[in-house]
Amino acid sequence: EIWTDEGSPLMINSLNLGKKTAEILGDEFEVEVAMRYGNPSVQSKITALHEKGVRKIIAVPLYPQYSGATNGSTFDAIAKALTKQRWVPNLHFVSDYYERDTYIKAIGDSILDHWQKNGRNQKLIMTFHGVPKKYITRGDPYESQCKNSARRIADYLKLADDEWQLVFQSRFGAEEWLQPYCDETLKKLPSQGVKSVDMICPGFSADCLETLEEIEGENKEYFMEAGGESYAYIPCLNDSDAHAKLMAE
């Protein structure tokens, strides 16, 4: 349902982002885009760089906030790919960029741009992908980094505490995940006097199933059926110039 005539939004935006980043960096750099799950694979791109004679790799997982399930598993995939090579290159791994000024500004400016074009709703909801609570008790910094990003974005926008909220989405299974849950929050807000919301997903670099189907679609239905009157989804940074600048930096 979310695919365009060109194909997967995630793939299209990621490849375009790679091209824009390469244009900014110039001929000194080779830029490759890989998918943690699927194609083009991490293995294929590590091999391609090796065959081009690249001796220094900067790996940037497109997850601003670190979790072992995302950034950590990306490092594992890169390390596994490098075991296929006799000659291992220098590797610089960017573990996160959740509080980098350029990231906060890019997200904040995308929200301001949306408000300027479409008007502003009563409350801004920042929704991040959830993880099981046990990840955090085991030392995963994800929750604190999400809270840090959300607070800095709210400060950038000069929002009062009652003008925004952080929630977590995409939970499944019976065990406890990070709270508050996005779907349950949206079902309750209209009865609490919040009839209009703007939604943004700062933890996703490009629009995908979890943003377009889950947030723009499914969760909108929950909110409107509960008595909401206006619901707007603000897109991810995708292949914007600001996103390319952040990646190049």
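**Close-up views of the predicted model**

**View A. Lysine 147 is partly exposed, with a relative accessibility of 45%.** The coordinates are those of a predicted model. Lysine 147 is joined by a salt bridge to glutamate 143, and their closest N and O atoms are 3.5 Å apart. Helix α6 holds both glutamate 143 and lysine 147, which sit four residues apart, or about one turn of the helix. Glutamate 143 has a relative accessibility of 12% and counts as buried, because the cut-off for buried is under 20%.

**View B. A salt bridge connects lysine 20 with aspartate 241.** The closest N and O atoms of this pair are 2.7 Å apart. Lysine 20 belongs to helix α1 (residues 9-25) and aspartate 241 to helix α9 (residues 241-248), so the contact ties together parts that are 221 residues apart in sequence. Lysine 20 is partly exposed at 27% relative accessibility, whereas aspartate 241 is exposed at 57%. In total, the structure contains 16 salt bridges. Side chains of opposite charge can pair when their charged atoms come close.

**View C. Two loops are linked by the salt bridge of arginine 120 and glutamate 163.** The closest N and O atoms of arginine 120 and glutamate 163 are 3.3 Å apart. Arginine 120 is in the loop between α4 (101-118) and β3 (123-129), while glutamate 163 is in the loop between α6 (142-156) and β4 (164-169); the pair links distant parts of the chain, 43 residues apart. Arginine 120 counts as partly exposed, at a relative accessible area of 44%. Glutamate 163 is also partly exposed, with a relative accessibility of 26%.

**View D. A network of salt bridges links Glu30, Glu32, Lys45 and Lys52.** Two glutamates and two lysines are shown; Glu30 and Glu32 are the acidic members of the network, Lys45 and Lys52 the basic ones.

**View E. Strand β1 (residues 56-59) has alternating side chains.** Ile57 and Ala59 point to one face and are buried, while Lys56 and Ile58 point to the other face and are not buried. In a regular strand the side chains alternate between the two faces of the sheet. Strand β2 (residues 90-93) pairs with β1 in the parallel sense, over four bridges. Alanine 59 has phenylalanine 93 of β2 as its bridge partner. Together with helix α3 (residues 68-82), β1 and β2 form a right-handed β-α-β unit.

**View F. Strand β3 pairs with both β5 and β4.** Of the seven residues of β3, six are buried, so the strand is mostly covered. β3 and β5 (residues 196-200) are parallel and pair over four bridges. β3 and β4 also run parallel, joined by six bridges. Leucine 124 can be followed into both pairings: aspartate 198 stands opposite leucine 124 in β5, and tryptophan 164 is its bridge partner in β4.

**View G. The second largest pocket has 13 lining residues.** The volume of this pocket is about 210 Å³. Ser110, Asp113, Ile234, Pro235 and Cys236 are the lining residues that lie nearest its centre. Helices α4 and α9 each contribute at least two residues to the lining. The largest share, five residues, is supplied by α4. By class, the lining of the second largest pocket comprises six nonpolar, four polar and three charged residues.

Key. Residues numbered from 1 in each chain as written. Predicted model: local features only at pLDDT ≥ 70, side-chain atom pairs only at ≥ 80, totals over all residues. Heavy atoms only, no water. Salt bridge = Lys/Arg side-chain N within 4 Å of Asp/Glu carboxyl O. Buried < 20%, exposed > 50% of the residue type's maximum accessible area, 1.4 Å probe, protein only. Pairing = 2+ DSSP bridges. Right-handed = clockwise from strand over helix to strand, strands pointing away. 1 Å grid on protein atoms, 1.4 Å probe; cavity = no way out; pocket = protein on both sides within 12 Å on 5 of 7 lines; lining within 4 Å. Points joined across faces, edges and corners; volume = space filled by probe spheres on them. Nonpolar A, V, L, I, M, F, W, Y, C, P; charged D, E, K, R; others polar.
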